[in-house]
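Here are some comments on the model you sent, set out as numbered points. They deal with charged pairs and with the packing of two helices.

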Amino acid sequence: MLHNSLCPYCCTKLRDAVNQPDSRSVEHLIPNTVLTQPRTKRDGDFFACRRCNSRKGHIDYVLGVVAKAQADDPKLASDALIAAITSDDGRSQRFIQMAVEVRETAHEVEANVPIFAQELLEYISYLGRGQYFRKRGKLFDEDSQVMIINYVNKQVMASLTADYTLRHGTNPFADLIQNRYSESFGGGECIIYSKNDRYLFLFHNYTGIIVKIKKRNIKNIAISGMRGGNIQILSLEGS
């Protein structure tokens, strides 16, 4: 775990205080809500301010449910959705609305991702900043850098997986875990591939987030704006 004095997300100076926005808190970049076996505080990645930790934690939960709902394990998928819909802590409304709006086609079931576009952009920014800090040991500098992002869901990943298996005769997720640029969490429930400031976050094999950190220039700003306004989602549509 990195023992940092500045929050990697917002650059706030951290204080050893209780229940303050700038209080130092242990952060797990890969949230426990996306894993079936939670990590402990000893497994934390770095410190973040309480404000950012709380904001990220709000979407950690939603993303965790969405990722589990697209897993190959039908019991894990159904249990995650049932728990989210029947939750009595005020977080169920998004998933109730999602269930109401489910659409069935000849080959699959489609539903809206219960995350607003701006929330997803902010969340991916957290992941990109956090992984950059983990790998580089320094803060993302928005004055000189930009993030180019994609969100890829199960329909896209399933197509890529089938193509990879056809060409190589192996399972792409098993191969990715063995790659020297990859980290595995929860026995492969989350994989981070990280090379040359390009990061792939893969949750339960079928929910993917891609972040590329580039030099801030006119070309990359334009690409970043395009991707940020058009996050790639196919069988699940943005709210």
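1. The side chains of Lys56 and Asp60 are joined by a salt bridge, with an N to O distance of 3.2 Å. Both residues belong to helix 1, where they stand four residues apart, about one turn of the helix. Lys56 and Asp60 are both buried. Please keep in mind here, and in what follows, that this is a predicted model.

2. Helix 1, which spans residues 50–69, packs against helix 4, which spans residues 117–136, and their axes are 10 Å apart at an angle of about 110 degrees. Since angles of 65 to 115 degrees count as roughly perpendicular, the two helices are therefore described as roughly perpendicular to each other. The crossing of helix 1 and helix 4 is left-handed.

3. On the side of helix 1, the contact is made by Cys52, Arg55, Lys56, His58, Ile59, Asp60 and Leu63, so that both partners of the salt bridge in the opening point appear in this list. Helix 4 contributes Glu119, Glu122, Tyr123, Tyr126 and Leu127. By class, the residues of this contact divide into six nonpolar, one polar and five charged.

4. Which residue of helix 4 forms a salt bridge with Arg55? The partner is Glu122, and the closest N and O atoms of the pair are 2.8 Å apart. Because Arg55 lies in helix 1 and Glu122 in helix 4, this salt bridge ties together parts that are 67 residues apart in sequence. Arg55 counts as partly exposed, at 47% relative accessibility, and Glu122 also counts as partly exposed, at 27%.

5. A further salt bridge is found between the side chains of Arg136 and Asp197, at 3.0 Å from N to O. Arg136 lies in helix 4, whereas Asp197 lies in the loop between strand 7 (190–195) and strand 8 (198–203), so this pair ties together parts that are 61 residues apart in sequence. Arg136 is partly exposed, with a relative accessible area of 45%, while Asp197, with a relative accessible area of 16%, is buried; the cut-off for buried is under 20%.

6. Salt bridges that share partners also join Arg39, Asp45, Arg134 and Glu183 into one network. The count of salt bridges in the model comes to 13, and the pairs described in this note, among them Lys56 with Asp60 and Arg55 with Glu122, can be inspected in the structure shown above.

Technical notes
Residues numbered from 1 in each chain as written. Predicted model: local features only at pLDDT ≥ 70, side-chain atom pairs only at ≥ 80, totals over all residues. Heavy atoms only, no water. Axes fitted to C-alpha atoms, helices over the stretch in contact; angles between N-to-C directions. Parallel < 35°, antiparallel > 145°, perpendicular 65-115°, else oblique. Left-handed = near helix turned anticlockwise from the far one by under 90°. Contact = heavy atoms within 4.5 Å. Nonpolar A, V, L, I, M, F, W, Y, C, P; charged D, E, K, R; others polar. Salt bridge = Lys/Arg side-chain N within 4 Å of Asp/Glu carboxyl O. Buried < 20%, exposed > 50% of the residue type's maximum accessible area, 1.4 Å probe, protein only.
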